[in-house]
Protein chains: 2
Amino acid sequence: MSFEFRVLHKQGKARSGLLATPHGDVATPLFMPVGTQATVKGLSNRELVEIGSQIVLANTYHLLLRPGPGRIERLGGLHGFTGYQGPWLTDSGGFQVMSLGHRRVISEEGVEFSNHLNGDRTLLTPEKSIEVQQELGADIIMAFDECPPYPAERGYLENSLERTLRWLERSLAAKTRSDQALFGIAQGGVELDLRRRSTVETIKFDLPGYAIGGLAVGEPKEKMVPVVDLSTDLLPEDRPRYLMGVGHPEDLVAGVALGVDMFDCVYPTRTGRFGYALVDRGRLNLSSARYKDNPEQIDASCDCYACQNHSRAYITHLVRAGEMLGLRLLSLHNIRYLHRLMERARAAIASGRYGDFAREFAARRWPSGTPEWFSDALERSGMW
Amino acid sequence: MSFEFRVLHKQGKARSGLLATPHGDVATPLFMPVGTQATVKGLSNRELVEIGSQIVLANTYHLLLRPGPGRIERLGGLHGFTGYQGPWLTDSGGFQVMSLGHRRVISEEGVEFSNHLNGDRTLLTPEKSIEVQQELGADIIMAFDECPPYPAERGYLENSLERTLRWLERSLAAKTRSDQALFGIAQGGVELDLRRRSTVETIKFDLPGYAIGGLAVGEPKEKMVPVVDLSTDLLPEDRPRYLMGVGHPEDLVAGVALGVDMFDCVYPTRTGRFGYALVDRGRLNLSSARYKDNPEQIDASCDCYACQNHSRAYITHLVRAGEMLGLRLLSLHNIRYLHRLMERARAAIASGRYGDFAREFAARRWPSGTPEWFSDALERSGMW
């Protein structure tokens, strides 16, 4: 099996590593752009490679509905269908069923829902999710889980995490392809004892990687940090840790400090489509009239095509005129921004100065004072 | 002045040539992609260069309204503002005022209209059009003309062409920049005597280039061919001839046969956004379910990024899912298709086999028989 993870450098709880997959090695910590419908919105494969994307996520829920996993399989799986030959990861559909499906009925069997495209009823089960993910053919696939909303009652969380464990067992039993790595997902909301139970039980399956699920669903960051800290304390050192759905720059810097290796989020592309450009001090609203005459690039330190070739004034014009190129350039820049952030993080860990890196990041991001949750994350990691 | 045109090869009425502009030489015959709002919809500058775009058109009407010509001038003109450093051409706004403006009042002074963005009243005159085009800074600028609708009464056409001649005189008088070439535009609808009068009078101004205006506005192709034929008979051999707003592949092949050097049209990008891909036999509707499982590329003979990297099935998925990348890839391919068509035309003229080229094109385009208007164009050119 061509799936292997090695930690190369450690500092405090933070680590950098190398993850080998059937479609190539990737350096961690890393950010995965989201290709919901088998395309990262607005970007070409060539651009993904150029900006340093290492692994791309696709959504099982969306591709199940359209164009259908059988079709993608016949056309060579995600790699052949899209032409993107690097590693792919597919989620299980569990999260999207809850966020996009209507009239959901959750049972021990799975989740029945009316899809958001034509309202047809579909039953997604652990077996079905794995079947679909095997047809899609990603390098990393995810166990079918139930992602509870925030806030949720303890009783709900408890039932949900126990069911997620049973679904993990069924996911594993359904898996037949040996060239895909299945990651388990720990749940438990922000209740630390439930999170501990879920994580400890998930680890028993001795999987090639583990995800911290159910976060970034509306809980305050003060509650997220202790959960991530506990999770990475419990998770084995020699397996990659994936914090699902997290993609704000400050969350990445804090997550890496706490020992997370992988992140994904639609944030960079979505905020780009709303006209925002990510920079160290936050984001620039390029749909604002204030940039109409600004000849500077988005970020003088950025090496992306948008920053190397265009001014804020031009991108502002494109955004205000509703031109596709504006959204393209902003999505490109924003993903490149997160990739550069992770490149800087990897270099900082390798040279033993991640604490400085995180403090410098915080000083630029919050000139008037670092929020407590961020300092807390660094303290827990031994680097504040 | 760095503006010069040389005819390199001739065959029948068709010719290939080289047009020198302050921002580089371009080989004719050529197709100009349209960057209405200072961006060719969906494409980056890098892509434009890669697919062989030689000169890009921008619309004075749109840029006058947003972001404003003064702003573009301060940011380095179209070249600096957009970062596209090749030659640009701007139209005069005359056509858009008629097609997009509301409550138009045409007078000897100019055209007053309510713009399509916020309804503000604006007066566009020859002087204003030239002032704006000088601020935009394109290499080629166009005289302010009145483009009559089709059909139009003879009286209307006559008044309109006379006024267009007076506006040409005022356009020239208003022009102060010596690094821009001003082209005049002949009108006269499809009335051959009026077209002759307009062309003969326009030529008297001894301009660096001439446009055939007022075509492709709804008239049948049978009526377009004699007008183009007459126009190129009258226009001087040593000046470029620009057939405005024409961009269907078959119209380009016929136009080149009749001695046209330049074309522009939104057709390749617009039809791309509607899901169509241009191929020699017409166009493929990639939003159609019939291509869902088709692993072939759009066009096996095409060297564009879309054809080199993606299947019809994938592009069909993108189009049906409303993904930006689908529109990008189709726009890219369609413009590349027209550029390749003109490259093939140039090579055919250079080797004295344009007639064969045009007949082969017709055989692929219309397997069941070439339409009369197309044969008529080739006959008039001496190549059928």
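Biologist: Let's start with helix α8 of chain A: which residues are exposed on its other side?
Modeller: First, a word on the source: this is a predicted model, where local features need pLDDT of at least 70, side-chain atom pairs count only at pLDDT 80 or more, and totals for chains, interfaces and linings use all residues. Residues are numbered from 1 along each chain as its sequence is written, while chains are lettered from A and ligands numbered from 1 in the order in which they are written. A residue is exposed if 12 or fewer other C-beta atoms lie within 10 Å of its own, buried if there are 20 or more, and partly exposed in between, with C-beta atoms placed from the backbone. On the other side of α8(A), the exposed residues are D193(A) and V200(A).

Biologist: Within what arc do the buried residues of α8(A) fall, seen down its axis?
Modeller: Buried in this helix are L194(A), R195(A), S198(A), T199(A) and T202(A). They line one face of α8(A), because their arc (taken from the directions from the helix axis to the C-beta atoms) stays within 130°.

Biologist: What covers those buried residues of α8(A)?
Modeller: Helices (H or I, at least four residues) and strands (E, at least two) are DSSP runs, numbered from the N terminus. Both kinds of element take part, and the cover includes strands β11 (181–186) and β12 (210–212) of chain A along with helices α7 (154–174) and α9 (221–234) of chain A.

Biologist: Now α15(A): how far apart are its end C-alpha atoms?
Modeller: This helix runs over residues 354–365 and has 12 residues. The expected span is 1.5 Å times one less than the number of residues, which agrees with the model, since 16 Å is expected and the ends of α15(A) lie apart by 16 Å.

Biologist: Which elements do the buried residues of α15(A) pack against?
Modeller: The residues in question are Y354(A), F357(A), A358(A), F361(A) and A362(A). Their arc is only 135°, so they sit on the same side of α15(A), and the face turned away from it carries the exposed D356(A) and R364(A). In chain A, the buried residues pack against β1, β2, α10, α14 (324–350) and α16 (372–380).

Biologist: Which element supplies the largest share of the side of domain 1 of chain A that touches domain 2 of chain A?
Modeller: Chain A is divided into domain 1 (4–265) and domain 2 (272–352), bounds that come from an automatic or database domain assignment. Their contact (C-beta atoms, placed from the backbone, within 7 Å) takes 22 residues from domain 1 and 19 residues from domain 2. At least two residues each come from β1 (4–11), β2 (14–21), β4 (30–32) and α10 (249–257) of chain A. The largest share, 4 residues, belongs to α10(A).

Biologist: And between the chains, which element gives the most to the side of chain B that touches chain A?
Modeller: Here 31 residues of chain B are in contact with 31 residues of chain A. Two or more residues each come from α3 (69–74), α4 (77–82), α13 (312–320) and α14 (324–350) of chain B. With 5 residues, the element that gives the most is α13(B).

Biologist: Which residue of chain B comes closest to the rotation axis?
Modeller: Superposing chain B on chain A (least squares on C-alpha atoms of residues with pLDDT of at least 70 in both) takes a rotation of 180° with 0.0 Å of shift along the axis, at an RMSD of 0.0 Å. The two copies are thus related as by a two-fold rotation axis. At 3.9 Å by its C-alpha, the residue of chain B closest to that axis is M324(B).

Terms used: Two residues are in contact if their C-beta atoms, placed from the backbone, lie within 7 Å.
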